[in-house]
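Here is a short tour to read alongside your viewer. Have the side chains switched on before you start.

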Amino acid sequence: MTKRTRRQSRRSTKAVERKALALDAPGAPVPLLNESQRLRLEHRSAFENVTSNGTISACVMIVAAIAAVICANTDAYEAVHAFFERPVAIDICGWTFSLTFELFVNDFLMGIFFLLVGTELKYEMTVGQLKRPRQAMLPMLAAVGGVIAPACIYAFVNRDGAIYGWAIPMATDIAFALGVLSLLGSRVPPAIKVFFSTLAIADDLLAIVAIALFYGQTPQLGWLAAAAVVTCLLIALNVRRHFRLAPYLALGLVLWFFVYQSGIHATLAGVILAFTIPARSDIDASGLVGWLQAKLPELEDRFDDKTHILGQHDFTHAVYGVERIMHRVTPPLQRLENAISTPVNFIILPLFAFVNAQVRLVGVDPASVLFDPVAIGTYLGMLLGKPIGIVGMTCALIKLGLAEMPQGVGWRHIVGVGILGGIGFTMSILISGLAFGGAPAELLASKTAILAGSISSAAIGLIYMRFACRK
């Protein structure tokens with residue numbers, strides 16, 4: 001997942017804050033902010049710097065996964081596991097809806113994560129790398145290679161056994177991967193970051209398709225029809241240019257329930273909702289500056305510095321009108337992304353990691369886990385399949401003349417991207433739970449291999465890229 005939209009939003013917010021602070025500088029005619037207000041703004045800016053840092057959010061998720069492994073191998077495991085499995089039921093006139101805490105995290109909260117993924121996909125398809133098909137073709141098709149090769153390796157190793165987990169090693173965790181890449185700082189060429197981001201976005205899209213097609217239950221047509229009706233209502237809101245988020249979110253909640261009841265994995269409702277939210281602005285931005293300039297004399301005329309602000313009804317009414325207009329300038333898609341990105345990265349994903357990384361090895365023969373075909377296929381798929389697929393597909397496209405290497409990117413960088421592409425966590429663990437929910441031994445083997453494969457890919461990729469980018 002990219003954070004381009006949030007970074008642009010942060011930059012624009014900080015620009016406004018810098019101007020506000022400048023107005024409070026010595027010699028300014030009217031102080032706009034007092035000392036406490038300035039400190040609050042500076043504190044908020046520091047908080048935004050932390051929450052928008054991909055490396056920090058990845059570290060938080062790693063800490064949650066480590067805590068889960070530690071917890072799973074202590075006496076606290078039984079109590080924690082019982083809490084995760086305890087159902088909470090809602091009974092309405094004899095109709096009962098039940099959900100455990102684990103399902104709440106994996107199906108509902110991860111639906112919000114998929115909503116964030118959907119907003120970033122739509123952003124890239126509207127104004128980002130996926131808008132220009134020719135430019136995006138190379139990393140997108142490289143992602144296809146990075147999906148096929150790991151799946152084939154896993155399927156070959158498990159050809160006589162648990163082949164249903166073929167999709168586990170195909171997903172790249174963009175948060176972890178870009179977090180590792182960011183540790184190299186400015187030594188990484190900007191073009192390789194764009195290439196990797198586009199590849200990871202396409203990888204997410206392919207993982208979503210795999211979950212939708214292969215890891216749901218037998219669909220129930222009645223609930224699917226109800227979900228289709230809600231989707232049509234969401235599209236109608238978009239077509240009729242409704243720019244308030246509340247109706248979309250309310251219908252999105254209904255859509256999630258219908259998709260959950262249909263047997264298809266409910267997190268897909270988040271992606272559907274994201275693609276129906278308007279990416280346009282409700283205001284013609286070309287005339288905004290002129291409109292504000294025309295409003296300034298009116299605000300100046302209505303302001304009375306001798307009267308308390310509560311008594312200046314004309315002035316506050318005019319300011320409220322300006323606030324309403326300015327709020328509608330930012331597209332709903334961007335407002336939503338700004339609102340949910342921090343909770344997703346610092347609450348939902350760490351909670352998902354803690355719930356799903358419960359790898360309990362107490363009383364388990366380590367050899368039976370390490371040499372389990374599921375673990376071997378997953379580990380080799382992540383560590384070898386990803387670089388083979390990404391580098392191989394890129395090489396084929398360039399040798400056939402179907403694509404060109406991005407400027408400033410060499411083959412050593414492509415190899416590094418392939419290695420880092422083996423960092424899989426969020427999607428991989430989600431798919432392993434769907435594939436082996438009723439097979440504890442295979443689930444344990446797959447989760448162990450996911451953790452080992454991600455750590456190995458991150459360590460090898462970081463060391464390799466330090467040498468590859470030293471020039």
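Which residue forms a salt bridge with Lys 295? The partner is Glu 298, and the closest N and O atoms of the two are 3.2 Å apart. Please keep in mind that this is a predicted model.

**Salt bridges**

The structure holds three salt bridges, listed here with their closest N to O distances.

| Salt bridge | N to O distance |
|---|---|
| Asp 203 and Lys 386 | 2.5 Å |
| Lys 295 and Glu 298 | 3.2 Å |
| Glu 298 and Arg 302 | 3.0 Å |

Let us begin with helix α12, which spans residues 288-302. Lys 295 and Glu 298 both sit in this helix, three residues apart, or about one turn. Glu 298 and Arg 302 are separated by about one helical turn too, because they are four residues apart in helix α12. Through shared partners, the salt bridges join Lys 295, Glu 298 and Arg 302 into one network. Glu 298 is partly exposed, with 24% relative accessibility, and Arg 302 is partly exposed at 34%.

The pair of Asp 203 and Lys 386 has another setting. Asp 203 belongs to helix α8 and Lys 386 to helix α16 (residues 373-399), so their salt bridge ties together parts that are 183 residues apart in sequence. Is this pair buried or exposed? Asp 203 is buried, at 0% relative accessible area, and Lys 386 is buried as well, also at 0%.

**Along helix α8**

Helix α8 covers residues 190-214 and includes Leu 205. Leu 205 is partly exposed, since its relative accessibility is 36% and the partly exposed range runs between 20% and 50%. Together with Val 209, Leu 213 and Phe 214, Leu 205 makes a nonpolar surface patch of about 360 Å².

**A buried histidine**

His 413 is part of helix α17, residues 411-420. With a relative accessible area of 2%, His 413 is buried. What does His 413 touch, leaving aside neighbours within four places in sequence? Its contacts are Pro 189, Ile 192, Gly 408, Met 465, Ala 468 and Cys 469.

**The second largest pocket**

If you are thinking about cavities and pockets, the second largest pocket holds about 980 Å³ of space. It is lined by 36 residues, and those closest to its centre are Glu 102, Asn 106, Gly 433, Leu 434 and Gly 437. Elements giving two or more residues to the lining of this pocket are α4 (77-85), α5 (101-126), α10 (245-262), α14 (332-356), α18 (426-435) and α19 (440-468).

Key. Residues numbered from 1 in each chain as written. Predicted model: local features only at pLDDT ≥ 70, side-chain atom pairs only at ≥ 80, totals over all residues. Heavy atoms only, no water. Buried < 20%, exposed > 50% of the residue type's maximum accessible area, 1.4 Å probe, protein only. Contact = heavy atoms within 4.5 Å. Patch = residues over 30% accessible without salt bridge, like charges linked within 9 Å, V, L, I, M, F, W, Y side chains within 5 Å. Areas by Shrake-Rupley, 256 points an atom, 1.4 Å probe, with all protein chains shown as cover. Salt bridge = Lys/Arg side-chain N within 4 Å of Asp/Glu carboxyl O. 1 Å grid on protein atoms, 1.4 Å probe; cavity = no way out; pocket = protein on both sides within 12 Å on 5 of 7 lines; lining within 4 Å. Points joined across faces, edges and corners; volume = space filled by probe spheres on them.
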